Amino acid sequence: GTTALQKAGNIDVPFCTVGKVDDDSGEAWNLLEPRVWGSYNESVFLLKDYIEVMGLTYKQFAALIGAGYSLGDTENCGGLFCDRTSLNSNITTNVSTTLSNKYFTDLLGNNYEEISVSGGNKMYKAVDKDVMMYRVDMYFKTDPELKAIAVELAEDNALFLQELSEAWYMLMNADMFLGSTGNQCGYKSAKILSCHIVL
């Protein structure tokens with residue numbers, strides 16, 4: 001993942017050389033299902049809580065969503081880290097290999113109408129364009145706090161890439177524990193530290 005982001009965005013992404021312990025059973029991923037994945041009934045409160053529980057800032061999470069939109073899966077897509085147009089069989093999906101702030105320019109640069117897609121889910125389609133968004137995406141257009149972030153990232157691709165680099169590093173190394181409060185990669189999370197203090 002790190003190398004792919006570096007190549008697609010032509011950016012440096014920090015990398016911790018301490019190895020991770022793999023899941024021997026191959027079943028641990030079952031416990032990692034996201035709480036927010038693009039369902040129509042997800043609220044802005046749930047989204048913000050999910051971001052905070054992950055230990056990321058809203059801006060860092062927005063950058064991760066932007067990267068997923070820009071480079072994510074284009075077939076059989078489900079979730080925030082994919083090209084949303086793949087969920088509408090009437091739209092041809094183009095595979096991108098360039099990492100950019102396209103998510104934010106697409107989101108803010110269009111008016112949307114609610115439509116039904118396969119599986120009974122509802123999404124938002126840009127008027128007269130082949131651009132699709134989840135309801136969760138729309139919070140980055142309608143919630144004042146999240147919209148300010150979206151505007152900032154839409155206007156500055158370099159800032160988007162910087163936030164993405166930091167968010168990716170944090171996410172990839174948050175579980176590299178060193179004792180009760182340390183991290184083998186030097187990453188410090190206020191959430192992790194506070195949890196250890198409370199316990």
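Biologist: In what sense do strand 2 and strand 3 pair, and over how many bridges?
Modeller: This is a predicted model. Strand 2 covers residues 122-126, and strand 3 covers 132-133. The two pair in the antiparallel sense, over two bridges.

Biologist: Which residue in strand 3 is the bridge partner of Tyr124?
Modeller: Strand 3 is an edge strand of the open sheet, so by definition here it pairs on one side only. The sheet has the order 1-2-3. The bridge partner of Tyr124 in strand 3 is Met133.

Biologist: Which helix gives the most to the largest nonpolar core?
Modeller: The largest nonpolar core has 46 residues. Among those with the most contacts inside this core are Phe61, Met133 and Phe160. In soluble globular proteins, nonpolar side chains tend to be buried together. The most is given by residues 58-71, eight of them in the core, and that element is helix 3.

Biologist: Which residues is Phe160 in contact with, leaving aside its neighbours within four places in sequence?
Modeller: Phe160 is one of the residues with the most contacts inside the largest nonpolar core. Phe104 also belongs to that group, and Phe104 is in contact with Phe160. The full set for Phe160 is Ala63, Gly66, Ala67, Leu99, Ser100, Asn101, Phe104 and Leu153.

Biologist: With which side chain does the side chain of Lys59 make a polar contact?
Modeller: Lys59 is found in helix 3. Not counting residues up to four places away in sequence, Lys59 touches Ile149, Glu152, Leu153 and Glu163. The polar contact, at 3.0 Å, is with the side chain of Glu152.

Biologist: Is Gly38 buried or exposed?
Modeller: Gly38 lies in the loop between helix 1 (2-9) and helix 2 (44-54). Beyond its neighbours within four places in sequence, Gly38 is in contact with Leu80, Asn121 and Tyr134. Its relative accessible area is 0%. The cut-off for buried is under 20%, so Gly38 is buried.

Biologist: What separates the C-alpha atoms of Gly38 and Asn121?
Modeller: Gly38 and Asn121 are 83 residues apart along the chain. Asn121 is nevertheless one of the contacts of Gly38. Their C-alpha atoms are separated by 9.1 Å.

Biologist: Which side chain makes a polar contact with the side chain of Ser39?
Modeller: Ser39 is placed in the loop between helix 1 and helix 2. Ser39 has a relative accessible area of 16% and is therefore buried. The polar contact of its side chain, at 2.7 Å, is with the side chain of Asn41.

Notes. Residues numbered from 1 in each chain as written. Predicted model: local features only at pLDDT ≥ 70, side-chain atom pairs only at ≥ 80, totals over all residues. Heavy atoms only, no water. Core = buried A, V, L, I, M, F, W, Y, C linked by side-chain atoms within 4.5 Å. Buried < 20%, exposed > 50% of the residue type's maximum accessible area, 1.4 Å probe, protein only. Helix = DSSP H or I, 4+ residues; strand = E, 2+ residues; numbered from the N terminus. Contact = heavy atoms within 4.5 Å. Polar contact = N/O pair within 3.5 Å; in protein donor to acceptor, adjacent residues only side chain to side chain.
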